[in-house]
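Please examine the structure shown here before reading the report that follows.

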Amino acid sequence: MISELEAGTYVLERCGVSDVIEASIADAVGHVLAAPVVAAEDVPPFANSAVDGYAVRAADVASTPTRLRVVAEVAAGWSTECEVGAGEAIRIMTGAPMPAGADAVVMVEDTERDGDEVVVNASVRAGSSVRAVGEDVPAGTQVFPSGTVVRPAVAGVLASLNARRVSVFRTPRVAVLSTGDELVNDGSPLRPGQIRESNKTMLLPLVAEAGCDAIDLGVVRDDEDALESVLRDAAAQYDAIVTSGGVSMGEYDVVKAVLSRIADMRWMQIAIKPAKPFAFGLLAAGDRRTPVFGLPGNPVSSFVSFELFARPALRKMSGHSQLERTYVEAIADEGLRRRPDGKTHYMRVAGRFADDGRYHVVSVGAQGSHQLAATSMADAIAIVPDGDGIPPGDPVTTMLLSIA
Ligand code: AMP
Ligand code: MG
């Protein structure tokens, strides 16, 4: 058996980063920038008012109350040639350009209008309530380094800079398939020995959540020829392949039989529970070498295996620098019991941040590798080292499933 670290490192070393494309801002959302973005424009592009009020010369309102003559008004989107002279003010709205001569804005709440005059009741310093040119982003500066994830607010900033097209890593297209003669996925009544397919249905959105386009290749029968042709086609068309089932020691583990023959695979036994069997390799198609993740068939093993080995690799392919989930030292509110067996146990837990600022976890209950219902309620995975488990109240390293 090898360690989880060795398996993870082996996989990551063999997965390359996707190619770079130019994308519109809308298309770039969720992607990772492949080149830095330098601001071509100042944001804001001109000095403007931060409030609704009166543009003034700060020196004119040094002692208050004082009266100024209102000579014009200016709103957002207007341009103004008017100037504020000594003893004068211009009525100004939020976002409107600062008129020449004025160096501050008095908010309307600190004024009283009296015909074509305004009584100013509060002094302001020069620059007060004025947004300076380039105060958000000065032109010529790097606003985002490469590696930045284009989140919604980043998209907003790109628009504010007029960076209409940006370089991002292309979304990897990842094919997902299940294998097994027992699997039914069309809703038909189960015949003896059959079960409902669940892994592919879970893995497709896991792949999407990892930032990839997930392609459903369906359920493939335990038939070597059928599987070989599906895998070869997929290797030629897609950036990675995720299979579930057929990677252990059984007589009908066709994934193992086929991939051993046609791909450069490593069949691993990892010192973890669940998800001990796992396979990874590269399947050549023309001049491509497509990564193949051979996840175990037991649904919980499939889930844990995806989280530990496939997800970080898919994140690397999409250009992310943060590959791992977030780990916290949690408190086990109940004991997380286990028996010594030479393996690290990845126990699925429900967790919450409590008033003490700590993350507290309890087992989701059933920990069997076929019991996906309990695992589906997990917020995190507690990493329980070999031994007798974690006594109640003790700390345990925990991988959060909800945070990148
Ligand atoms: P295998 O690795 O193919 O031997 O499968 C191990 C166990 O997982 C068996 O009980 C299979 O029936 C089950 N299994 C395999 N694939 C799936 C799937 N896609 N959905 C639900 N159960 C599965
Ligand atoms: Mg099978």
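## Surface and interior

Asp181 is found in the loop between β13 (173-179) and β14 (183-184); helices (H or I, at least four residues) and strands (E, at least two) are DSSP runs, numbered from the N terminus. This is a predicted model, in which local features need pLDDT of at least 70 and side-chain atom pairs count only at pLDDT 80 or more, while totals for chains, interfaces and linings use all residues. Residues are numbered from 1 along each chain as its sequence is written, and side-chain values use heavy atoms, with hydrogens and water left out.

Two residues illustrate how accessibility is described. Buried means under 20% relative accessible area, exposed over 50%, and partly exposed in between (1.4 Å probe, protein chains only).

| Residue | Relative accessible area | Class |
|---|---|---|
| Asp181 | 43% | partly exposed |
| Thr375 | 3% | buried |

Thr375 belongs to helix α8 (residues 372-375). Its C-alpha atom is separated by 30 Å from that of Tyr238, and the two residues are 137 residues apart along the chain.

The interior contains a largest nonpolar core of 42 residues, in which Phe278, Phe280, Phe293, Phe306 and Leu314 touch the most other members. A nonpolar core is a set of buried Ala, Val, Leu, Ile, Met, Phe, Trp, Tyr and Cys residues joined through side-chain atoms within 4.5 Å. Elements that each supply at least two residues of this core include α1 (4-13), β20 (277-285) and α7 (299-317). The largest share, ten residues, comes from α7. Another core, of 22 residues, lies apart from it and has Leu177, Leu231, Ile262 and Leu283 among its members.

Definitions and conventions: Chains lettered and ligands numbered in written order.
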